[in-house]
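Colleague: I would like to learn how to read a few features of a protein model. Could we go through them one at a time?

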Amino acid sequence: PMLRITSAGTKCVAAAAETCAQIPFASLRVGTPSLLEMAMCYFAFFAFVGAGTSPWRKRIVWVSLIVFGFSLASSIFRNRSDPHLAITFLAVGQGDSVLVEFPEGKRMIVDGGLARKGYQDAGRSIVSPFLGKRRICRMDYMVASHGQADHYGGLGFLANALDTGELWIGPERGCEGEGYLEFLDLCRGEGVRIRRLCRGMGAFSVNGVRVEVLNPPCAGKRERQGSAECVSGINDHSLVMRLTFGRVSVLLTGDIEEQAEKDLLTAPNRAEAILLKVPHHGSPSSSHEPFLEAVAPGMAVVSAGYRNNFGFPSEEVVRRYRDRGILLYRTDLDGAVRFQTDGRTVWMETYSSR
């Protein structure tokens with residue numbers, strides 16, 4: 001009987017919380033405060049509550065609030081006026097999530113990590129807190145590289161939590177999974193404009209950064225695909241984008257495998273990049289020698305879960321990069337990896353907690 005009473009009480013509390021959460025402005029998303037800002041809040045609070053009739057009371061409150069406001073405004077201005085291109089490969093476990101911060105403040109999130117109902121949501125637990133730390137409440141562009149849950153999954157929470165401009169996806173294949181279609185419906189319901197990208201479209205610019213879509217081709221919707229064909233082709237259908245800022249190029253590859261890599265070699269000069277996002281988490285079905293020769297990166301980042309069940313990145317793939325003298329970063333060992341460039345020089349840093 002006690003268990004039933006407790007269970008019923010828990011359900012009532014959960015229902016009440018969900019109901020309250022539906023009230024407009026019931027919650028407000030703000031960036032993570034700095035230590036200085038937290039200190040100023042405490043100073044203002046204790047001065048207001050505990051200083052009594054002290055003549056310094058109002059001065060301390062006002063000075064604290066002014067310092068808090070100045071710190072907040074300067075942080076926002078600094079982020080919005082940064083002239084560099086910054087790309088952060090987030091450590092979301094066995095999945096992908098890449099934050100691109102264009103010069104002068106526009107932002108793009110490429111994939112959001114894995115999300116499973118009732119199990120985990122990398123968008124909620126990892127990506128969103130990081131964006132809060134960066135004081136990012138608006139996402140100009142959201143990209144779902146392809147229809148696998150370890151890539152688009154976490155984007156569902158972000159589409160709901162952030163003010164989002166556009167969602168970039170590949171051409172329709174005709175065999176999208178139910179979860180992926182639900183994600184697209186969620187984005188439409190949030191007023192997010194959906195834009196389909198493919199290799200045949202021309203390059204375009206975002207705040208001085210040239211964006212080229214190298215994969216998939218602009219083929220029409222294919223009918224009567226069997227489940228086996230759908231599963232086998234989903235990785236090679238990943239969006240591949242090359243971002244070029246000044247003399248520095250970055251290649252974001254999704255989960256492409258051997259066939260898509262071969263397709264990119266038809267115009268090898270377009271695949272060149274100083275930084276490569278390692279395809280398919282370092283699977284042996286990707287990162288083949290001709291592809292690496294065409295891209296010729298100086299650095300590469302592989303996104304993989306710590307001690308994941310797939311054994312990614314495979315020792316064979318790691319050896320391919322090392323044999324070519326490519327500096328290889330791993331989110332499973334190095335944590336989040338941040339790349340910055342002014343169009344000539346590049347900087348790399350990691351956020352490992354191990």
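Modeller: Start with one residue: Glu166 has a relative accessibility of 11%, so Glu166 counts as buried. Keep in mind that this is a predicted model.

Colleague: Which residue does the side chain of Glu166 meet in a salt bridge?

Modeller: The general idea is that side chains of opposite charge can pair when their charged atoms come close. Here the partner of Glu166 is Arg193, with 2.6 Å from N to O. Glu166 belongs to strand S7 (residues 163–169) and Arg193 to strand S8 (residues 193–196), so this salt bridge ties together parts that are 27 residues apart in sequence.

Colleague: Is Arg193 buried or exposed?

Modeller: Arg193 counts as exposed, because its relative accessibility is 51% and the cut-off for exposed is over 50%.

Colleague: How far apart in helix H7 are Arg188 and Asp185?

Modeller: They are three residues apart in helix H7 (residues 178–189), which means a separation of about one helical turn. Their side chains meet in a salt bridge, at 3.0 Å from N to O. Arg188 is partly exposed at 48% relative accessibility, and Asp185 is partly exposed at 49%.

Colleague: What does the side chain of Arg330 meet in a salt bridge?

Modeller: Arg330 pairs with Asp332, at 2.7 Å from N to O. Arg330 is buried, with a relative accessible area of 18%, and Asp332 is buried as well, at 4%.

Colleague: Which residues are linked in a network of salt bridges?

Modeller: Glu101, Arg134 and Arg338 form such a network. The count for the model comes to 16 salt bridges.

Colleague: Next, helices. How do I describe a packed pair?

Modeller: Two packed helices are described by the angle between their axes and the distance between the axes. In this model, helix H2 (residues 35–50) packs against helix H3 (residues 57–81) at an angle of about 160 degrees, and their axes are 8 Å apart. Angles over 145 degrees count as roughly antiparallel, so H2 is roughly antiparallel to H3. The crossing of H2 past H3 is left-handed.

Colleague: Which residues of H2 and H3 make the contact?

Modeller: On the H2 side they include Leu36, Met40, Phe43 and Phe48, and on the H3 side they include Ile60, Val61, Leu65 and Phe68. By class, the contact has 13 nonpolar, two polar and two charged residues.

Colleague: Last, the backbone. What is the usual pattern there?

Modeller: Most residues other than glycine have a negative phi, and most peptide bonds are trans. Two peptide bonds to look at here run from Asn215 to Pro216, which is cis with omega near 0 degrees, and from Phe312 to Pro313, which is cis with omega near -5 degrees.

Colleague: Where do Pro216 and Pro313 lie?

Modeller: Pro216 is in the loop between strand S10 (209–215) and helix H8 (227–233). Pro313 is in the loop between strand S14 (299–302) and helix H11 (315–323).

Colleague: What is the phi of Glu104, and what is the phi of Ala296?

Modeller: Glu104 has a phi near 65 degrees, a positive value in a residue other than glycine. Glu104 sits in the loop between strand S2 (98–101) and strand S3 (107–110), and is partly exposed at 46% relative accessibility. Ala296 is not a glycine, yet has a positive phi of about 50 degrees. Ala296 sits in the loop between helix H10 (289–295) and S14, and is exposed, with a relative accessible area of 53%.

Methods: Residues numbered from 1 in each chain as written. Predicted model: local features only at pLDDT ≥ 70, side-chain atom pairs only at ≥ 80, totals over all residues. Heavy atoms only, no water. Axes fitted to C-alpha atoms, helices over the stretch in contact; angles between N-to-C directions. Helix = DSSP H or I, 4+ residues; strand = E, 2+ residues; numbered from the N terminus. Parallel < 35°, antiparallel > 145°, perpendicular 65-115°, else oblique. Left-handed = near helix turned anticlockwise from the far one by under 90°. Contact = heavy atoms within 4.5 Å. Nonpolar A, V, L, I, M, F, W, Y, C, P; charged D, E, K, R; others polar. Salt bridge = Lys/Arg side-chain N within 4 Å of Asp/Glu carboxyl O. Buried < 20%, exposed > 50% of the residue type's maximum accessible area, 1.4 Å probe, protein only.
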